[in-house]
Amino acid sequence: MKPIIITSKSIKKEFYIWLVLFVCATLLNVYSIVKYHTNWSELYSQLGYVLAISIVFYVVIGVVRVLMQSVKLFKK
Amino acid sequence: MDKKYQNRRDFIKHLAMTGSAVALAASPWLGAFGSSAQSVRGANDMVRMAIIGTGSRGCELLRHLLTFSVAQNIRIVALCDNYNPHLLDAVKLCKEKELNPQSYADYRVMIEKEQLDAVIIATPLYCHAQITVDCLQTGLHVFCEKSMARTLEQTKWMYDTHIATNKILQIGHQRLFNPVYLEGMQRIHDGKLGTIGQIRAYWHRNNNWRRSLPNNDLSYERQINWRLYKEYSAGLLTELMSHQIQVANWALQKTPVSVMGTGSIRYWNDGREVNDNIALIYSYDDGTQFVYDSMTSNKKYGLEEQILGSTGTIEFEVNKQYLETPAAAPGIQQLINDVEHGIFDKLPIGGASWVPETAVNYKGENIVDSTNYMDTSLQLEAFTQFVRKGSAPEKILKEGYNASIWTMLGEIAIEKGEKLSMPKEFII
């Protein structure tokens with residue numbers, strides 16, 4: 001069986017992808033604070049929710065990326 | 001007794017720690033309970049007590065007393081009951097704690113023979129007045145179970161004897177010592193529920209109050225099943241409602257001006273005389289209504305006292321407060337909810353134009369964090385402290401007195417089918 005090598009470069013890439021998604025989730029939090037006229041303290045009090053949403057986004061994006069890779073491999 | 005006993009010190013410490021010290025200061029009985037004011041007796045002097053009436057409630061009170069009798073230096077000197085099996089039950093409880101109190105069948109012999117400071121009376125209701133008066137006149141402090149007495153006149157007689165003898169008379173309304181009620185009442189009195197328009201209370205059970213007779217001997221019927229006969233009890237009114245009218249009066253800090261009601265024997269048609277199904281409305285001078293019902297053939301809703309204010313609701317029995325306009329959920333959670341509803345909710349096509357106004361589905365907040373207190377123990381411990389001080393706050397007795405008077409008036413209103421107000425001679 002071929003060993004799977006996870007390079008530091010690929011770890012960094014995944015971290016940056018998640019970071020972008022975390023920023024997106026934070027922006028979603030800002031949007032909901034403005035939309036529902038709630039307290040700005042939710043920027044930090046709802047960090048748990050934001051973190052959870054960013055992970056959900058990461059999983060969804062991950063599924064899409066796996067599908068795209070599969071399509072690419074299939075075309076080759 | 002499924003909760004761990006926490007004593008007076010734990011109780012007061014907890015109130016202070018949870019910010020409920022205001023409740024402590026504002027409750028005259030609790031203030032006295034917690035203070036170290038000059039006592040007639042030393043703080044650790046032995047208090048010699050006896051229990052008169054050792055049936056189910058008497059034994060329950062005895063169990064509570066035994067949990068702190070050593071710590072509080074209480075000596076249970078004597079037990080009294082004219083029904084020997086009950087007396088033996090209480091003796092057994094004492095023996096388990098290696099105590100050996102004297103047993104009596106006649107309380108008059110007991111109070112004459114024994115050197116006592118106080119008695120606890122847990123006899124059938126119709127005996128309360130005579131025994132209480134005899135004990136007070138002998139110079140004993142008295143803790144008497146609720147409801148105070150069987151008639152308006154007996155209730156007043158007990159109160160007048162307390163005034164004449166200057167001895168403590170405390171009635172067993174344990175909610176007066178319950179932290180949930182103390183904190184909740186403070187919020188009500190501070191106006192945090194807005195204007196109270198209505199108080200609703202109910203106590204629903206699905207059980208037969210009839211108890212089996214020893215060897216099916218009918219000569220015991222009235223002694224064992226005294227709760228079922230009007231001569232001895234007003235049934236649901238004195239056994240259950242008296243607790244809840246006391247809560248209503250306490251919440252509103254006043255007594256009603258009128259009562260009307262109805263009642264029937266709807267289900268337990270077995271020769272009993274007291275109603276198994278009652279509904280009453282008490283009105284207060286500011287227009288507030290206390291709406292009450294009780295039955296013994298359905299237990300779905302159990303018991304509750306609901307204080308309905310313009311800005312909030314309290315349900316004491318479940319330790320809950322509900323705001324009329326609860327704080328909104330955080331924005332991000334609202335957004336997620338909206339997205340979920342957008343995806344999963346069905347679109348109504350030609351649906352009903354009227355939506356039923358069903359109860360608000362909101363779980364509310366706890367009134368206090370911990371309910372790990374036994375209010376019956378706390379009230380007995382308070383009574384012990386009062387005995388040592390030689391006096392108790394009058395407010396406690398007045399709560400019991402007014403609850404008893406208005407319970408009796410409720411019974412008369414049901415029987416006469418009339419709206420009644422308090423006769424002047426019973427106003428204290």
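**View 1. Helix α4 of chain B and its buried residues.** Buried means under 20% relative accessible area, with exposed over 50% and partly exposed in between (1.4 Å probe, protein chains only). The model is predicted: local features need pLDDT of at least 70 and side-chain atom pairs count only at pLDDT 80 or more, while totals for chains, interfaces and linings use all residues. Residues are numbered from 1 along each chain as its sequence is written, chains are lettered from A in the order in which they are written, and side-chain values use heavy atoms, without hydrogens and water. Helix α4 (a DSSP run of H or I, at least four residues; strands are E, at least two; both numbered from the N terminus) spans residues 56-68 of chain B, and its buried residues include Leu61(B), Leu62(B), Leu65(B), Leu66(B) and Phe68(B). Glu60(B) and His64(B) are also buried. The partners that the buried residues of α4(B) pack against include β1 (47-52), β2 (74-80) and α13 (375-389) of chain B.

**View 2. The contact of chain A and chain B.** Contact (heavy atoms within 4.5 Å) takes 11 residues from chain A and nine residues from chain B. The buried area (accessible area, 1.4 Å probe, that two parts lose on being put together, summed over both) is about 860 Å², and carbon and sulfur atoms give 69% of this area. Tyr36(A), Gln46(A) and Tyr49(A) supply 51% of the area that chain A buries against chain B, more than any other three residues.

**View 3. Salt bridges across the interface.** A salt bridge is a side-chain nitrogen of Lys or Arg within 4 Å of a carboxyl oxygen of Asp or Glu. Across the interface of chain A and chain B, zero are found by this rule.
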